Amino acid sequence: MMETSEFARPATDGPVVHNTAAEAGAGWEPPSAPLDMPRQVLENERTTFDWLSVARLFRARTRA
Amino acid sequence: MIRQIPAPSPKTRAIRAGAVLLALSLASVAAALVAEAGATNGFDLWDGLRTVLIFVTTGWLAWGAMLALSGLPQPSRARKQVPQLVVPEPRTVVLVPICNEDAVATFTRIEAMYHSANEAGLTLDIAVLSDTQDAANAEREKAAFAELIAATGGAGRIFYRRRTDNRGRKAGNIEEFIRNSGGAYEFAVILDADSLMEGETLREMIAKMQADPQLGLLQTLPRIVSAHSLFGRAMQFAASFHGPIFTRGLERMQGNTGPFWGHNAIVRVRAFAESCALPELSGKPPFGGHILSHDYVEAALLARAGWKVQVDHSIDGSFEEGPENVLSYAKRDRRWCQGNLQHIRLLWAPGLAGWSRFVFLQGILAYVVSLLWASFLLVSIAATVLAPPPDYFPEPYNLFPVFPSDRTKEITALAIGIVGLLILPKLGILFDAIRSGRVHKFGTAGKVFSSLLLEILLSSLLAPVMMMFQVRAVLQVFLGRDGGWPANARGEGLIHVWEAFRASAWIVAVGAVGLAAAYYLSAGLVPWLLPVGVPMIAAPLLIAWSSRPLTHTLFRVPDEDHPSPVVARYRALMAAKLKPTTQGGTSPTQVTADAAA
């Protein structure tokens, strides 16, 4: 089972579908094996800059 | 199971700490010399600026030297055993994302790698993921794909898919495949259109991923091949001769939070899927929108999710092609510049390892430092011109005059020290290569020394020109100009003087005006500025001259005398395709000519 990171957004991108805008070449038979890719979070929710975060900048973050 | 960010080993911590301390120490010495020189006639704002600028720029140079220093010590005699592939062979796909590439060359490389992989006993799938938007190029790709299937009998193992909506560019292209077909594969090898890899290399990479279930991504050090021009061959030589040592230093410093360079690497599909779906950043490009330099971010995200990311300089049989002239290099560099500066938005991204943030910072500094060097030159001129006249009687009632102390020796020593930071690591690598015997792969020690000297001379001449291109790129990005992702200029070679002049006339102007202004304001500064000003004025000649083909015995690399089998096969296949046909119909030559047009 694939693990879900705490930094991944809930799946709001909709169900996984084949890219209907894609064209296949003759002989294109990829295995249909969908895999979820939860969108990652890279921006803080805060709208104001947290100056204390500067102090935490290079401290490695680990999770229990 | 929740994974922790891979912790660095005590050895890695020690190497990092030592490198940072030494770099900061050298930067402090440089800053102290400049500050002391400035204080002889009163320490003012300009002296302060110069001191700060020389601290940062020298620190950056010193950091680069530390990478070489960290990589010089030979690894322990007991060579790590290369793991064997455990059967059954895990299902692996080779992904080749392309966009407006030379279809014949790209698919020929794939053909060479397909045969090489089969000979290595592998049954890999290969997926060509096209984002080509131009309809004519798309038709050429389909034709080349059909030829490939016919030549290899690879139907059912080699696939071709073209997206008409290239959202997210290369990262989105790969993501689309992983979302639709990733569940069928355990590993994915990610290549560029100009990548080549030996079948045995692919086998070794898969085996290493099998041997370490915590390894999320393994990056090889691709060697540049097929360079023809002076510029291209100089880069090829530098990458082949210096690259392994610098990369070994990088390995030792990065530990398990290593780099991803976007190609010639293998990923664990499940790890990539769970952690590497990149978001669009808020706001507009160049700082918002899709993440341009996605590879560094993907490496950071894999580490955040607790996977190891490693680079291994010892894996042989991984190749790529490089730019053949300064303008192609500058075009590619513009995209990398924007991508790295965009990482400013990610310095505070939640949950990243401290070292990942430091890697982003390094990427940002790699480009900003050109602006800082240029600023240092301007501030130095300003400081000299605006310096107050000497005060011979600083103390009242003093009968005897006090002459300002001459700091020329110290500043000369500083200049020599800075040059030393650039050259000494390369000399160190040369001595190490002579001691270990590696030098003989490149020719005699004398020939290699000559190649090294010429490479240093060429890079010294081109450095001011590259600096100006980077300064322009940085300023464009900070002023909000989005450079996007222009088509790769693979195989572009000879640049005529007029074309070089059109591209670099502004550099000539800046160099000429700068030297003239320095002469007018303070003639004594001119000798110090000549090493920067003269190459800038000669930029069109340097760009054109360095783009000319070079067939000299200098800059020889092992791959030129003894090409790797997959490279040799690719060249043979291309040569056969480029022969004019005697029958009717579209010849491969015509196909390639169309692609070139």
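# Exercises on a predicted two-chain model

B:V385 is a residue of helix α12 in chain B. The structure examined here is a predicted model.

## Exercise 1. Helix α12 and its end

Task: Determine what span helix α12 of chain B should have, where the helix bends, and which patch B:V385 belongs to.

Solution.
Step 1. Helix α12 covers residues 354–385 of chain B, a run of 32 residues. At 1.5 Å a residue, the expected span is 46 Å.
Step 2. The C-alpha atoms at the two ends are 43 Å apart, which agrees with that expectation.
Step 3. The axis of α12(B) nevertheless turns by about 35° at B:Y367.
Step 4. B:V385 has a relative accessibility of 31% and therefore counts as partly exposed, since that class lies between 20% and 50%.
Step 5. B:V385 joins B:L386, B:Y520 and B:L521 in a nonpolar surface patch. Together these residues have about 440 Å² of accessible area.

## Exercise 2. A salt bridge between helices α3 and α19

Task: Identify which residue forms a salt bridge with B:E111, and establish whether each partner is buried or exposed.

Solution.
Step 1. The partner is B:K577, and the closest N and O atoms are 3.4 Å apart.
Step 2. B:E111 belongs to helix α3 (residues 103–119) and B:K577 to helix α19 (residues 565–577), so the pair ties together parts of chain B that are 466 residues apart in sequence.
Step 3. B:E111 has a relative accessibility of 7% and counts as buried. B:K577, at 15%, also counts as buried.
Step 4. A second pair involves B:K577: its C-alpha atom is 8.5 Å from that of B:V104, although the two are 473 residues apart in sequence.

## Exercise 3. Two further salt bridges

Task: For B:K170 and B:R233, state which residue each one pairs with and where the partners lie.

Solution.
Step 1. B:K170 forms a salt bridge with B:D192, with the closest N and O atoms 2.8 Å apart.
Step 2. B:K170 sits in helix α5 (residues 169–181), while B:D192 is in the loop between β4 (187–190) and β5 (196–197), 22 residues apart.
Step 3. Both partners fall under the 20% cut-off for burial: B:K170 is buried at 12%, and B:D192 is buried at 16%.
Step 4. B:R233 meets B:E560 in a salt bridge of 3.0 Å, N to O.
Step 5. Here B:R233 lies in helix α7 (residues 230–241) and B:E560 in helix α18 (residues 558–561), 327 residues apart.
Step 6. B:R233 is buried, at 2% relative accessibility, whereas B:E560 is partly exposed, at 24%.
Step 7. Salt bridges with shared partners connect B:R233, B:R556, B:E560 and B:D561 in one network. Over all chains, the structure holds 23 salt bridges.

## Exercise 4. Backbone geometry

Task: State which peptide bonds are cis at B:P88 and B:P286, and what phi is found at B:R169 and B:N264.

Solution.
Step 1. The general expectation comes first: most peptide bonds are trans, and most residues other than glycine have a negative phi.
Step 2. The bond between B:V87 and B:P88 is cis, with omega about 5°. B:P88 is in the loop between α2 (45–71) and β1 (92–98).
Step 3. The bond from B:P285 to B:P286 is also cis, with omega near 10°. B:P286 is in the loop between α9 (269–275) and α10 (294–304).
Step 4. Phi is positive at B:R169, near 50°. This residue belongs to helix α5 and is partly exposed, with a relative accessible area of 28%.
Step 5. Phi is likewise positive at B:N264, near 55°. B:N264 lies in the loop between α8 (243–254) and β8 (265–268) and is buried, with a relative accessible area of 0%.

## Exercise 5. Cysteines and chain A

Task: Establish how many disulfides the structure has, whether B:C276 and B:C337 are buried or exposed, and how many helices and strands chain A has.

Solution.
Step 1. A search of the whole structure gives 0 disulfides over all chains.
Step 2. B:C276 is buried, at 3% relative accessibility, and B:C337 is buried, at 1%.
Step 3. Chain A contains 1 helix and 1 strand. Of its 64 residues, 28% are buried.
Step 4. Chain A exposes about 4700 Å², of which carbon and sulfur atoms supply 57%.

Definitions and conventions
Residues are numbered from 1 along each chain as its sequence is written. Chains are lettered from A and ligands numbered from 1 in the order in which they are written. This is a predicted model: local features need pLDDT of at least 70, side-chain atom pairs count only at pLDDT 80 or more; totals for chains, interfaces and linings use all residues. Side-chain values use heavy atoms; hydrogens and water are left out. A disulfide is a pair of cysteine sulfur atoms within 2.5 Å. Buried means under 20% relative accessible area, exposed over 50%, partly exposed in between (1.4 Å probe, protein chains only). Helices (H or I, at least four residues) and strands (E, at least two) are DSSP runs, numbered from the N terminus. The expected span of a helix is 1.5 Å times one less than its number of residues. The bend at a residue is the angle between axes fitted to the seven residues ending there and the seven starting there. A salt bridge is a side-chain nitrogen of Lys or Arg within 4 Å of a carboxyl oxygen of Asp or Glu. Patches are made of residues with over 30% relative accessible area and no salt bridge: like charges are joined within 9 Å, nonpolar side chains (Val, Leu, Ile, Met, Phe, Trp, Tyr) within 5 Å. Accessible areas come from the Shrake-Rupley method with a 1.4 Å probe; for residues, only the protein chains shown count as cover.
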